[in-house]
Amino acid sequence: MTRKEMEQLLLSEVSADRLMEDARYITSEDRESGSPGEKRAAEYFRQVMSGLGLQTDIHYVENYISLPEKGTLTLQDGTALASCITHSYGASTGPEGLKGEAVFFSGSEDVKGKVAVMRGLASAVPCKNLEGRGAVGIICITSGDYPYNMSISPIWGQPVPSTVDLLSKIPVVTVNTPDGDKLLAAMEKGENQVTMTAQVSTKFRTVPVCVAELKADKPTSRFVMFGGHVDAWHKGGADNGGSNAVVLELARVFSKHTDLLNTNIRFVWWSGHSNGRYSGSNWYADTHWEDIHENAVANFDIDTVGTKGSNNFDHIECNKQCYTLGRSVVKERTGQDPHYMRIQRNGDQSFWAHGVPTLFECLSLQPVDGAGKGTFMPGLPWYWHTTQDLFEHLGREELLRDAQIFALAIWRTVAANAYPFAFAELAGEMRSDLEKYQAEAQGKFDLSQVQALVDRLEGQFRALDDKIAGLNSLETLTPEQEQQAKELNDLCMELNRILIPVHYCKNGDLFQVDLAIPIPAFPEFDEVKKLAAMDPASDGFKFQERQLLRERNRVYHYLNKAVKRLEAAGL
Ligand SMILES: [Zn+2]
């Protein structure tokens, strides 16, 4: 059978019926972290995976989980706003509640001692900002009829002594648009007094982290990871029941073809994505650090796929070296040409410090002028993170299509002659990141030596990409080519270990964990903006300049290491 024929067979083996059956079962109960519904799903994972003969471990671990139980908001005239909810990791008020003066915050208003009212999702950055400005409580108004559940912790995964004080000390609630309008109308009339209550239960809870490994027939310790979160807001039909079903179904399909695999596949379901701020994948990342660093080839993350009416493949979230693979698969299966989106600091991205590249997260989106209009991210369905996210929103054809896209992308990684990374465009991305910082520095800091290294890398990457593509165009390899493929795979593993941390991690110590807030490319260079605004004669400028020099040394060192490693490989 040719490689093309094998791919067709694989795609034909993905069953829409089984996908829908599994999704229906998984989404029939609420699945907050630590809930009976989540446990039932985890035990179903065990049943399916061990039934397929995979080595299956459900780790029941103690994670610091936060469940929002009840939020209320009462206006000055006594009107209670029925849509009100509260948030994971917000503070509780106690039954008497918090009485205060509401002030609308649009960016600069004084909220000290007041209850700040803002439009938008309750998330870590705006909530920390308002707390820092002295607000005593926060009311968020989200778009549409259903308030959006969110977690507001800025801490990635489990708090540690150096981060635990960052947890919110003030209560946060959200109301829908109609209730928000009532609040704003009252405030307009000068009725600014509000009473809010928030009941949030934050404590260590036992939650499942589900792992099942499909072993290639040929012995190898290398693996790709494929999975997503199992916990959900309410019944989580789209987010993430459909994706959970895809993980089970692809395990079934791939388990028939272990003779053709070059790496193992580790199927995962994380708990504590929403109620633990990625604490399930963070627990796994901390607990199996060395194994992941040594052996994980790539991470395929799956979230909110297969929704009815989703026909929008606007972009692919990934590390750039995975984009060529993802793009070609999406193009082949849908006819659309998605653009690249740098992977964001969310979605169980717990493995950057380990040097593991990610492909995908969300995949198919809703039309931005239809069910995906005006949502948190254009294209996410309106019911995302609400009580309305039910099984009924999954589409049979859409879920099958998305499962096949994941199947093909994973297959082309685990069954390829050489790992199908393409690095050349990564150099282009790094160049534009550095050009941005160089412009922001306004002549006060020089990045030209680092830029020269990226130029050097680009040529080397092109030569590497050509070699990988050449090997992957062959049906079978000679022993000599097999040796070459092995060496290229080792090289790709090392490059990812060097390049991902320096490009993505803010914390120079890879064994600690960055916060759950947006992190820019080459994060340390973000400080050039501060430097540019300072007087070069000031002490502060000199302190900042030295800090940047140290950071530039770090970036230079790692990029130079990549250059040398490629040179040693004859590139
Ligand atoms: Zn999700």
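Helices (H or I, at least four residues) and strands (E, at least two) are DSSP runs, numbered from the N terminus. The exercises below use a predicted model.

**Exercise 1. Which elements each supply at least two residues of the lining of the second largest pocket?**

Solution.
- Start with the pocket itself. Its volume is about 800 Å³.
- Next, find its centre. The second largest pocket is lined by 36 residues, and those closest to the centre are Tyr278, Arg345, Asn346, Gly347 and Phe376.
- Now look for elements. One helix and one strand fit: α4 (124-132) and β12 (339-342).
- Sort the lining by class. The second largest pocket has 20 nonpolar, nine polar and seven charged lining residues.
- Finish with domains. Domain 1 (3-64 + 216-414) and domain 2 (424-568) each give at least three residues to this lining.

**Exercise 2. Where does the largest pocket lie with respect to domain 1 and domain 2, and why?**

Solution.
- Take the space first. The largest pocket holds about 1,300 Å³.
- Go to its centre. Among its 43 lining residues, Ala415, Ala416, Asn417, Ala418 and Asn472 are the closest to that point.
- List the elements that give two or more lining residues. They are α1 (3-13), α9 (320-334), α10 (396-414), α12 (448-472) and α13 (479-504).
- Check the domains. Both domain 1 (3-64 + 216-414) and domain 2 (424-568) contribute to the lining, so the largest pocket lies between them.

**Exercise 3. Which element gives the largest share of the lining of the largest pocket?**

Solution.
- Count by element. α13 gives the largest share, with six residues.
- Then count by class. The lining of the largest pocket has 17 nonpolar, 12 polar and 14 charged residues.

Methods:
Residues numbered from 1 in each chain as written. Predicted model: local features only at pLDDT ≥ 70, side-chain atom pairs only at ≥ 80, totals over all residues. Heavy atoms only, no water. 1 Å grid on protein atoms, 1.4 Å probe; cavity = no way out; pocket = protein on both sides within 12 Å on 5 of 7 lines; lining within 4 Å. Points joined across faces, edges and corners; volume = space filled by probe spheres on them. Nonpolar A, V, L, I, M, F, W, Y, C, P; charged D, E, K, R; others polar. Domains from an automatic or database assignment.
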